[in-house]
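I opened my notebook to look through a new structure, one step at a time. Come along and check each entry against the picture.

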Amino acid sequence: MFPSTAAMREMVAEGKDLFFTLKVLEQGYEPGTKRSDDVIERCWDRGNKTYKVVIVKDYHNMTKEYVYVIIHFGKYGRTK
């Protein structure tokens, strides 16, 4: 799993790392929004904040295998 440059900037701005994004992917839920079939989106609620991670499966030319790329990491407020 690799973060894109934009996703890495979003994670650094929130003070989060790849281990946190893995936790969101493992323990999170699918939101109600619909994305294309090859995109995976997970949300995870903590307190009054929701963290969202969006990944996509992509082919890595150097390793000649498919990898998952984090394309978005976000945090937004929610009402309980």
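Before I count bridges, I note the rule: two strands pair if DSSP finds at least two bridges between them. With that in hand, I looked at β2 and β3 (residues 49–60) in this predicted model, and I found eight bridges joining the two strands, which run antiparallel. I picked out one of the bridges: arginine 46 has lysine 49 in β3 as its partner.

Next I listed the elements. I found two helices and four strands, and from the N terminus they run β-α-α-β-β-β.

How are the strands ordered in the sheet? I read the order β1-β4-β3-β2, in an open sheet with mixed pairing. At the edges I saw β1 (2–3) and β2 (39–46), each pairing on one side only.

Then I turned to the helices. Helix α1 (residues 5–14) packs on the sheet and touches β1 and β4 (65–77), with its direction at about 40° to that of β4. Helix α2 packs on the sheet too, touching β1, β2, β3 and β4, and its direction makes about 95° with that of β2.

I zoomed in on threonine 21, which sits in helix α2 (residues 18–27). Is threonine 21 buried or exposed? I call threonine 21 buried because its relative accessible area is 0%, and buried means under 20%. Beyond its neighbours within four places in sequence, threonine 21 contacts Met1, Met11, Val53, Ile70 and Phe73.

Last, I checked the whole protein. Its radius of gyration is 13 Å, which agrees with the value near 12 Å for a compact globule of 80 residues. I also noted that 30% of the 80 residues count as buried.

How values were computed:
Residues are numbered from 1 along each chain as its sequence is written. This is a predicted model: local features need pLDDT of at least 70, side-chain atom pairs count only at pLDDT 80 or more; totals for chains, interfaces and linings use all residues. Side-chain values use heavy atoms; hydrogens and water are left out. Buried means under 20% relative accessible area, exposed over 50%, partly exposed in between (1.4 Å probe, protein chains only). Contact means heavy atoms within 4.5 Å. Axes are lines fitted to C-alpha atoms, for helices over the stretch in contact, and angles run from 0 to 180 degrees between N-to-C directions. The radius of gyration is taken over C-alpha atoms; the globule rule is 2.2 Å times the number of residues to the power 0.38.
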